[in-house]
Each structure stands twice: as C-alpha cells, then as structure tokens.
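Let's take a walk through a protein together, starting with the whole chain and then stopping at a few spots along the way. Have a look at the picture first.

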Amino acid sequence: MFLPEDQAFMARALALAERALYTTTPNPRVGCVIVKDGETVGEGWHVRAGEAHAEVHALREAGARARGATAYVTLEPCSHFGRTPPCAGALINAGISRVVCAMQDPNPLVSGRGLQMLREAGIAVSCNLLAEEARRLNEGFVARMERGRPWLRIKTAASLDGRTALADGQSQWITSAEARADVHHWRARSCAILTGSGTVLADNPRLNVRGIETERQPLRIVIDSELRTPPDAAVLEHGNTLVVTTSNDAARRDPLLAKGCEVLQLPSTNEHVDLAALMTELGRRGLNEVLTEAGARLNGALIQAGLADALLLYMAPCLLGHAARGMFALPELSGLDDKTSLRIDRVDQIGPDLRISARF
C-alpha cells in the first residue's frame, strides 16, 4: 500500500540513482531516501562497485534519526554478502520501520529474499512504485540478470531518406556537432562500444568518451572474423580493446596482442563470429549495456539474430539520394507482415537534428 507522498520521495531516489549513470558497472544504479515525519533525513546513491550501497550512504547521513523512519529504495535491498554486507540487514539494524522499493531485484542471489528479510524483522514493505522508471534506469543490469546477456543499443546516424554515407563511403559528417557530442553521453553510460572491422578500416574511429567527465572508459569491442584490424588502428590505443574473431592466424593475432588488446576466438556461424555466443560471453563478463556503432552489415546481423534491444537514431535534415548507403543490411521481404517493428519511445531535437529512441 502506498501513501500520497510516496511517489515524490521515490522520484527523488531515482534522481539520486541516476547520478551514478556512468560509474556503477557491473552493479545496478540505486538511490535511497530516508524520511522521518515527512522530512528527508538521509540520502545516498551507489557510486561504484565495491563501495557502500545507496542504503548505507543514506543511513550514515540519517544517523539516529533513521529509527522509525521510512526508506525509499529504487531496487530491493540486497540480502547477501558480496563485496559489502547486505543492505537489508543494515536497514533492520538501523531501526527502519517501513521500506518502499521501486522494483524487486532480478539478481537470483537476491530476488525477493531482501524483502522477505525485512518482513520477517517486522518492517512494513511496499514494492513496485515507479517500477517501470526503475527498470529503465537499469535495463542493462536487468537484461543480464534475466537472460544472461547485455542490453544492446544500436546507434546510427542518417539523412532524412535513411542514408548513412555516400556510395563511396563518405560519411563525415552527416549530423551536427551537437548530435555527435550527445553520442558521448550514451558512450559514457555504456559498458562497451561494439563495432566491426569494416568500420575500423573505413573510418578509423577511437570509440572512446570525450568531452564528458567520466572516471572510466567503456571497453571497445571489434568484431573481426579475419583479423583485418591493423595494429596502428586508433581503436587499439591505450588498450582496453577486445578483438573478437574466428581466426587462429598467429601472424595476425600476435601484433594485436602486442598492442595490449585481448583477442577472443569464438565459433563461426556462416563464416562470421557467432554473435549470440559473443553476447553470452559479454554477459558472463558482467557487461550491462552495449552501444553498437557499426555499419549496415553488422547492424543488420544483430537485428536478424534477435540481439538488438533498442535503436538510437540521429537524423539530419538532408537527403543523400537512392545511391547512398542504407542503415541496415536486411534481407528483402516477401510481404509487409514480415517487417521489423519498433516502438518509438521519444523524439528529441539535438541541434538541427532529430534523435529518435525506439525499441525492437
């Protein structure tokens, strides 16, 4: 049962959780607000893995005022010992009398156990307040817990007629400086940036976060079946790069290893990297969100394999014509019933361009 004031306090907890949008990997983004007699007495959010959770920060700020108070938490308090003690126990020991959480934790190690601990201690518990907002904030963590692979977001930029480059490959720049700067926010929140060797050879991208304060750079992943990536490619600079291949060619592999990157050999599907196997491996490694910045072939392959979750499309107010390159290499359809359907979440104007967020 929820009280009239509960939604506002939970919205505040969600805003706190969002402050750690770039830092919590592989943990979820969590915020906590502690309220006593209608007054906020403690706030906190989980900043990074291995450090105190949101509830602990909020309890420290609240001190003795936590006794008899209500705690608003965006995710079910944990019930197990990981790198830190269980937060459910901390709330119990602090004398919290009521806990409101936005959603149950999808982690099998928790999943209802934290709520049960609280109830057994005599604490009133209410769950599923602003649950959809909480789930979206942690869609990568939820995806990894529920299905064992990350949330995959395909980012692409195109003209109004859906073209990403001229026929000869020229693509810099279709969209505006404002749109390109906006992309770095999506890179910063992602655990990894995924591309293909074709994009590396054509554009030589760095695929790092620039212009944004962040304490970590996402892992850069290059799908390169034949190990065509040159050792001097910009994407290999400073390490933190994973090259995924089906090749065991040591002459091509060893120069990449010498640059400090990791080379992962995976099974082949039709002479290409098994993309489903890759996503499972990334989930095993604790990656929550992956942003794909690639060409039409890899984009299309991910969609056909059913691995794409969302589309981030920047559209520039220009036309490139029918001979220019498209966004997705997908097979010809025999009828409209076979089309790939998406649901548009929102449309924003970024400088002169449109940013369309949609889900498959």
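Among contacts between residues at least 6 apart in sequence, what percentage join residues at least 24 apart? In this protein it's 70%. Keep in mind that you're looking at a predicted model.

**The whole protein**

The chain is built with 11 helices and 18 strands. If you lay the C-alpha trace along its principal axes, it spans about 70 × 45 × 40 Å. A compact globule of 360 residues would have a radius of gyration near 21 Å, and the protein has 23 Å, so the two agree.

How much of the chain is tucked away? Of the 360 residues, 52% count as buried. As for the outside, the accessible surface comes to about 16600 Å², and carbon and sulfur atoms account for 50% of it. Charges are worth a glance too: there are 40 positive and 42 negative ones, and their mean positions lie 2 Å apart.

**Four residues side by side**

Here's a quick overview of four residues we'll visit.

| Residue | Relative accessibility | Counts as |
|---|---|---|
| N299 | 0% | buried |
| V200 | 3% | buried |
| S357 | 13% | buried |
| L342 | 38% | partly exposed |

Why does S357 count as buried? Its relative accessibility is 13%, and buried means under 20%. L342, at 38%, counts as partly exposed, because that label covers values between the 20% and 50% cut-offs.

**Stop one: helix 8**

V200 sits in helix 8, which runs over residues 197-203. Skipping residues up to four places away in sequence, V200 touches T195, P205, V222, T229, A233 and V235. For a sense of distance, try finding G89: its C-alpha atom is 49 Å from that of V200, with their places 111 residues apart along the chain.

**Stop two: helices 10 and 11**

Helix 10 covers residues 275-284, and its buried residues are L275, L278, M279, E281, L282 and G283. At the start of this helix, a side-chain oxygen of D274 comes within 3.2 Å of the backbone nitrogen of A276. Just after the helix, G286 takes a positive phi of about 90°.

Move on to helix 11 (residues 296-304) and you'll find N299. What does the side chain of N299 have 3.5 Å from one of its polar atoms? That's the backbone oxygen of A294. A294 also turns up among the contacts of N299 beyond four places in sequence, together with I154, T156, T292, M327 and F328.

**Stop three: towards the end of the chain**

L342 belongs to the loop between strand 16 (325-326) and strand 17 (343-350). Once you set aside its neighbours within four places in sequence, L342 is in contact with L311, A358, R359 and F360. Its C-alpha atom is 9.6 Å from that of D309, although the two are 33 residues apart along the chain.

S357 lies in strand 18, made of residues 353-359. Leaving out neighbours within four places, which residues is S357 in contact with? They are L311, L312, R343, I344, D345 and R346. Notice that L311 is listed for S357 and for L342 as well.

Note on methods:
Residues are numbered from 1 along each chain as its sequence is written. This is a predicted model: local features need pLDDT of at least 70, side-chain atom pairs count only at pLDDT 80 or more; totals for chains, interfaces and linings use all residues. Side-chain values use heavy atoms; hydrogens and water are left out. Helices (H or I, at least four residues) and strands (E, at least two) are DSSP runs, numbered from the N terminus. The radius of gyration is taken over C-alpha atoms; the globule rule is 2.2 Å times the number of residues to the power 0.38. Buried means under 20% relative accessible area, exposed over 50%, partly exposed in between (1.4 Å probe, protein chains only). Contact means heavy atoms within 4.5 Å. Accessible areas come from the Shrake-Rupley method with a 1.4 Å probe; for residues, only the protein chains shown count as cover. Lys and Arg count as positive and Asp and Glu as negative; His and the chain ends are not counted. The place of a charge is taken as NZ of Lys, CZ of Arg, CG of Asp or CD of Glu. A polar contact is a pair of N or O atoms within 3.5 Å; within protein, one must be able to donate a hydrogen and the other to accept it, and residues adjacent in sequence count only if both atoms are side-chain atoms.
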